[in-house]
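Here is a short tour of the model, written with the coordinates in mind. Keep the viewer open and follow along.

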Amino acid sequence: MYANALKPWHLLIVALVVIVLFGSKKLPDAARGLGRSLRILKSEARALKEEEGAAAPAEEAKAERPVPPAA
C-alpha cells in the first residue's frame, strides 16, 4: 500500500525546509554540537561497560572467598 512512499524529492524538500527554518549559518553549529553530544554519549557508554566489566570479577572473587565462622 505504501511501497516506496519516501521518494528522493521528498528528502530534498525536507532539506530545503530545514535550511530555510534554521538558516545556513546555524546548521554547521548544530551539526557540530550533535557530533560532540554523540562523542560524549559514546565515551560514557564505554566507561559504563568498563566499570561493569571491572566490577564483575571483584564480585565473583567475593563470592568465592570462604566466610570465616563467627566466634
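## A salt bridge in helix H2

Let's begin with a pair of charged side chains: Arg-32 and Asp-29 meet in a salt bridge, with 2.8 Å from N to O. Please keep in mind that this is a predicted model. The count of salt bridges comes to one.

How far apart along helix H2 are Arg-32 and Asp-29? They are three residues apart, so about one helical turn separates them. Neither partner needs to be hunted for in the viewer. Arg-32 has a relative accessible area of 43%, which makes it partly exposed, and Asp-29, at 48%, is partly exposed too. Both values fall in between the 20% limit for buried and the 50% limit for exposed.

## The overall picture

Zooming out, the protein chain has two helices and zero strands. How many of its residues count as buried? Of the 71 residues, the share is 0%. The chain exposes about 6900 Å², and 67% of that area is supplied by carbon and sulfur atoms.

## Helix H1 and a nonpolar patch

Helix H1 covers residues 8-22 and offers a simple geometry check. With 15 residues at 1.5 Å a residue, H1 should span 21 Å, and its end C-alpha atoms are 21 Å apart, so expectation and model agree. The span is worked out from one less than the number of residues, which is why 15 residues lead to that value. After H1 comes Gly-23, with a positive phi near 80°.

Try colouring the nonpolar side chains next. Trp-9, Ile-13, Val-14, Val-17, Val-18, Leu-21 and Phe-22 form a nonpolar patch on the surface. Together these residues have about 700 Å² of accessible area. Phe-22, one of the patch members, lies in helix H1.

## Helix H2 and a negative patch

Helix H2 takes in residues 26-64. Which residues gather in a patch of negative charge on the surface? They are Glu-44, Glu-50, Glu-51 and Glu-52.

Glu-51 makes a good example from this group. Its place is in helix H2, and its relative accessible area is 55%. Glu-51 therefore counts as exposed, since the cut-off for that class is over 50%.

Conventions. Residues numbered from 1 in each chain as written. Predicted model: local features only at pLDDT ≥ 70, side-chain atom pairs only at ≥ 80, totals over all residues. Heavy atoms only, no water. Helix = DSSP H or I, 4+ residues; strand = E, 2+ residues; numbered from the N terminus. Patch = residues over 30% accessible without salt bridge, like charges linked within 9 Å, V, L, I, M, F, W, Y side chains within 5 Å. Areas by Shrake-Rupley, 256 points an atom, 1.4 Å probe, with all protein chains shown as cover. Salt bridge = Lys/Arg side-chain N within 4 Å of Asp/Glu carboxyl O. Lys, Arg positive; Asp, Glu negative; His and termini not counted. Charge placed at Lys NZ, Arg CZ, Asp CG, Glu CD. Buried < 20%, exposed > 50% of the residue type's maximum accessible area, 1.4 Å probe, protein only.
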